[in-house]
Amino acid sequence: MLRDGRGGRLILGNWKMHGSIKENRELMRRLLEGAEALPATVALGVCVPFPYLAQARELLYASDISWGAQDVSCHAQGAYTGEVSAQMLCDFGATWVLVGHSERRTMHGETSAQVAEKAQKALKRGLTPVVCVGESYKAHEDGAALEVIREQLKPILALGAEQVSKMVIAYEPIWAIGTGLTATPEQAQTVHAYIRSLLEAIGVSELFILYGGSVKPDNAASLFAMPDINGALVGGASLDAKDFLAIANAGLK
Ligand code: PEP
């Protein structure tokens with residue numbers, strides 16, 4: 001597994017609430033076929049709905065494709081109906097867990113402080129939290145994107161370099177998620193460079209910073225050409241093996 005953003009590319013799929021045992025089997029079969037041709041510098045993973053973690057483990061176990069979940073509880077265990085703990089994700093061999101996806105922040109009222117607690121719980125069990133941040137359309141229009149990102153990252157950065165250096169950050173402008181609108185590579189690079197500067201300020205010099213928001217085979221290469229974009233968190237296009245693999249390979253010779 002690649003450990004940081006130095007030259008490597010990390011491509012993670014977020015299946016959201018999609019899939020079935022039958023569909024997943026076919027999707028993963030096709031991913032396994034295509035992943036064999038990926039260069040060693042590209043790492044591929046899928047973040048599946050909780051009930052499919054066992055299937056992901058069964059089908060991907062012997063491969064280089066890693067898997068994970070889309071959320072985790074900020075509690076370790078106890079009377080928290082409906083919650084899933086970091087230890088439970090470990091029981092299914094998960095590598096990744098998304099925390100703070102905008103759909104969790106906006107639909108479930110997750111705060112940045114809770115997101116940091118989730119990230120901590122994940123780290124404690126050896127999972128890699130993929131911390132999602134991103135501004136609304138209004139903040140984007142108002143030119144307040146960097147301010148929003150700084151606020152969202154504040155409790156994460158407060159955890160300190162040792163913990164933060166084991167995370168992945170995903171910049172996902174809310175206005176670009178599932179909308180077909182994508183930040184231009186230059187817009188995304190500006191935010192990624194800013195995130196990089198915040199990380200450097202606490203002593204973290206190398207980290208994967210992924211871009212997410214309507215990444216498709218035809219826009220991926222120009223995003224990956226940016227110096228601070230180290231890969232992608234892919235929603236819709238990760239449900240199509242051909243598109244997901246094309247994104248993973250985009251711009252590679
Ligand atoms: C996401 O859900 O994280 C995402 C980026 O979705 P999409 O690629 O569909 O915009």
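**Salt bridges in a predicted model**

User: What is the relative accessible area of K154 in this structure?
Analyst: The model is predicted, and in it K154 counts as partly exposed. That class lies between the cut-offs of 20% for buried and 50% for exposed, so it fits the relative accessible area of K154, which is 47%.

User: Which residue forms a salt bridge with K154?
Analyst: Side chains of opposite charge can pair when their charged atoms come close. For K154, the closest N and O atoms of the salt bridge are 3.1 Å apart, and the two residues both lie in helix α7 (residues 145-157), 3 residues apart, or about one turn of the helix. The partner is itself partly exposed, at 41% relative accessibility, and this residue is E151.

User: Which residues are joined into one network by salt bridges that share partners?
Analyst: One of the pairs involved is D71 with R104, whose side chains meet at 3.4 Å, N to O. This pair links distant parts of the chain, since D71 is in the loop between β3 (66-69) and α3 (86-91) while R104 is in helix α4 (residues 102-108), 33 residues apart. The residues joined into one network are D71, R104, E110 and K118.

User: Is D71 buried or exposed?
Analyst: A residue counts as buried when its relative accessible area is under 20%. The relative accessibility of D71 is 9%, whereas its partner R104, at 24%, counts as partly exposed. D71 is therefore buried.

User: How many salt bridges does a search of the whole structure find?
Analyst: Among them is the pair D142 and K138, whose side chains meet at 2.6 Å, N to O, with K138 exposed at 57% relative accessibility. For the whole structure, the number of salt bridges found is 11.

Note on methods:
Residues are numbered from 1 along each chain as its sequence is written. This is a predicted model: local features need pLDDT of at least 70, side-chain atom pairs count only at pLDDT 80 or more; totals for chains, interfaces and linings use all residues. Side-chain values use heavy atoms; hydrogens and water are left out. A salt bridge is a side-chain nitrogen of Lys or Arg within 4 Å of a carboxyl oxygen of Asp or Glu. Helices (H or I, at least four residues) and strands (E, at least two) are DSSP runs, numbered from the N terminus. Buried means under 20% relative accessible area, exposed over 50%, partly exposed in between (1.4 Å probe, protein chains only).
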